[in-house]
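Here is my note on the model you sent. The points are numbered so that you can reply to each in turn.

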Amino acid sequence: MKKYLLELIQFRDLLLNLTLTELKLRCRNSVLGFLWTILNPLFYLLVLAFVFSRIIKFQVPNYTIFLFAGLASWLMIQQTVTIATASIVNNQALIRRVYVPKMVFPLSNVLSRYIDHAILILVLFGFMAIFKAPFTWSLLFIPVAVLLHFFFSWGLSLITTVAHIRIRDVQHVVAILFQILFYATPVIYPLDVLPLKYRPLLLWNPFYYFVECFRFPVFNSSLPPGRLILAALALTVVTFGAGFFLFYKKEKFFVFHLS
Amino acid sequence: MEKTLIKTSSAGVKYFMNYEDGAAAMPRGTIRSLLERKKRKGFWALRDVSLEIRSGEIFGVIGSNGAGKSTLLKAVAGIIPVTEGEISVDGTLAPLIELGAAFNQELTGAENIFLSGSIYRIPRRAIRENFDKIVEFSGLRRFIHTPVKNYSSGMFIRLAFSIVIFFKPDVVLIDEVFSVGDAVFQQRSFEKMLFFKERGAAIVLVSHDLNLISQICGRALVLSKGRASFLGKAEEAINHYLQLIRSREGLEEDAKGPEPGALAAAEDSRRWGTRKVEIVGVDFVDEKGNRKNVFSTGDYFEARLSYVSHGAGVKAVFGAAFNTIYKMLIYGPNTLEADFPDSLPERGTVRFIVPRLPLFEGDYLFSASVYDPSLTVAYDHHEMMYFFRVISRGGRDFGCVRIDSRWEITAG
């Protein structure tokens, strides 16, 4: 394991190059280039905000900020995992011909996604200023929340990546599951619109904890309750540990499943 | 000084059959194959190979197709894990296997230099310092800011090779790379190899080119069906290898693909045509009519194309072609030149005879075809589906074909 980590450090230049390449290629040959990474979720946000504050009226003050915070948290996990799932299969040409530690592929996917997410969070802060949401010391928890998201989505990506190598349907299944989970997670609606009897179900939804951890400092101007933080932390440790270990054990044999 | 850089001890690589057909076969048998995992049969692509390769050595690996040469290289490069035994490599490694694999098609040549550099673990600074030399060596200065997807295959390889050349590897693995690029580039690459050797690198060279092996390798390994059949001086290894294929006379391993005389699968991409006239078999024979697959330079060579014609009185033109294993056409004659009956017998054998085979040592691909008399409609075309080998020893001329010629000198 120690050797494995040392080797990853030796390949840090490659990791950096792959991450930058991904960002660079997205800008090439398009007029608005990098702006699209922000415009895309922003339009999604505006549509949702319009529908749920004008047509279906949720009784939430400052609904746009509520929604934006939830959406930012959700996208951090959903987009990252959906994209990184195919990371090994997409790079099979390289893997079959050159030796590199396979971890660089999902990790570079995750990293480049989090650069996008960081920009989106800056935009969120801009929105907070526009919509006059209070800036409080509790916002200092945001970096911690992002780190939790980072390791959780990285770990989850590693599990789906390994599964996707064996069965190529996994990527589609993951995409569909996320679509369902989006509505099962209190991103667009506040917790209290749910009938009481369904609320305990939420406790089984891991994404609930991450959304709340991220939204509390932004929307409620307070630190999230300790039990939410602990739950998110426990989920992160377990998921990341399992994902990393699984990937570490299996990566030698990926080459046999690629063609 | 002489340090062991590559060491393999009883290394073996086992492939599993359903790994082989990979993703394509997945949908049908996924659930079943998951349940039957334990029953999977594997085959050993490499078995029980023990070697030690020292610094300053150029080590050759020879063997028929499918003998495990590429598997050995990939296992040494760390691309494929060994199933048993051990392989250890000391120092930085430059795998020249399928060059340019590290490239991203969308990136420019310059960007790819940095990307490949990081794949081979060359420090960023070293690449920046050598950047101009790399571009210079590749001869691609004008195109260095063009995406490599627009490169020709030759340019692609030249750039890839130039990158590897400049990072001073301790171990170089080469799989037939000297077959690419123009003669000048090949010569320069060759000199670079020798320069590495002088610097104390270990070089492993896989090649079908026995002349090259005997010229530059000290020792060589002969692989046969995944096992080490001989390990020793290059000259002796080549003799051993020639004996091996002569004794087999049929190259069993190669025959698995384009089996001489056997009808290839109809959906083969190397075969097309309306099948109005069908070539049902191609055999190579000697003057006594014995089937064989290995000829010597100057031997009698005959290819027998058995055909079946569907429909009476069909007119047709038969063709044959010789290609090098690098797909270069050497010669492609057809029966328009010959005195041939106007309409074909319903079934028969067309004999293509070369009284003295002018080809030099090496492997050759053979195409057989039958067309309509205007050569516009293919009835049945077998593109490079057959294969034979030519062996020769001695001789002072070089190349792949002997051209009937002589020298004269005139004074004054």
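1. Contact range in chain A. The model is predicted, so the values below are computed from it. Take the contacts in chain A with a separation of 6 or more: 79% of them join residues 24 or more positions apart. Buried residues make up 40% of the 259 residues in this chain.

2. Make-up of chain A. The chain has 13 helices and zero strands. Its pattern along the sequence is therefore an unbroken run of α, with the radius of gyration at 19 Å against the 18 Å that the globule rule gives for 259 residues. These two values are close, so chain A is as compact as a globular protein of that length. Along the principal axes, its C-alpha atoms fill a box of roughly 55 × 45 × 35 Å.

3. Helix α7 of chain A. This helix covers residues 104–130. What span should its 27 residues have at 1.5 Å a residue? The expected value is 39 Å, and the end C-alpha atoms are 39 Å apart, so the two agree. After α7(A) comes A:Lys132, with a positive phi near 55°.

4. The largest nonpolar core. It has 142 residues. Among those with the most contacts inside it are A:Phe210, B:Leu173, B:Ile203 and B:Ala220. Helix α4 of chain A (residues 63–84) gives the most to this core, with 14 residues.

5. B:Ile203. This residue is one of those with the most contacts inside the largest core. Which residues does B:Ile203 contact, leaving aside its neighbours within four places in sequence? They are B:Ile58, B:Phe59, B:Val172, B:Ile174, B:Met193, B:Phe196 and B:Lys197. Apart from the largest core lies another, of 30 residues, among them B:Ala303, B:Leu305, B:Tyr364 and B:Phe387.

6. B:Glu383. It lies in strand β18 of chain B (residues 378–391). Is B:Glu383 buried or exposed? It has 17 other C-beta atoms within 10 Å; buried needs 20 or more and exposed 12 or fewer, so B:Glu383 is partly exposed. Beyond its neighbours within four places in sequence, B:Glu383 is in contact with B:Arg270, B:Arg271 and B:Ser367. B:Ala320 is 63 residues away from B:Glu383 in sequence, and their C-alpha atoms are 9.6 Å apart.

7. Strand β1 of chain B. Strands of a sheet pair through backbone hydrogen bonds, either parallel or antiparallel. Strand β1 (residues 4–16) pairs with β2 (residues 42–54) of chain B in the antiparallel sense, over nine bridges. There, B:Phe16 has B:Gly42 as its bridge partner. β1(B) also pairs with β4 (residues 84–89) of chain B, again antiparallel, over five bridges. In that pairing the partner of B:Ile6 is B:Val89.

8. The six-stranded sheet in chain B. This is an open sheet with mixed pairing, in the order β5-β6-β7-β3-β8-β9. Which strands form its edges? They are β5 (93–96) and β9 (227–233), each of which pairs on one side only. From one strand to the next, the twist averages 15°.

9. The β8–β9 pairing in chain B. Strand β8 (residues 219–224) runs antiparallel to β9(B), and six bridges join them. Here B:Leu223 stands opposite B:Ala228 of β9(B).

Technical notes: Residues numbered from 1 in each chain as written. Chains lettered and ligands numbered in written order. Predicted model: local features only at pLDDT ≥ 70, side-chain atom pairs only at ≥ 80, totals over all residues. Helix = DSSP H or I, 4+ residues; strand = E, 2+ residues; numbered from the N terminus. Expected span 1.5 Å × (residues − 1). Core = buried A, V, L, I, M, F, W, Y, C linked by C-beta atoms within 7 Å. Contact = placed C-beta atoms within 7 Å. Pairing = 2+ DSSP bridges. Axes fitted to C-alpha atoms, helices over the stretch in contact; angles between N-to-C directions. Rg over C-alpha atoms; globule rule 2.2 N^0.38 Å.
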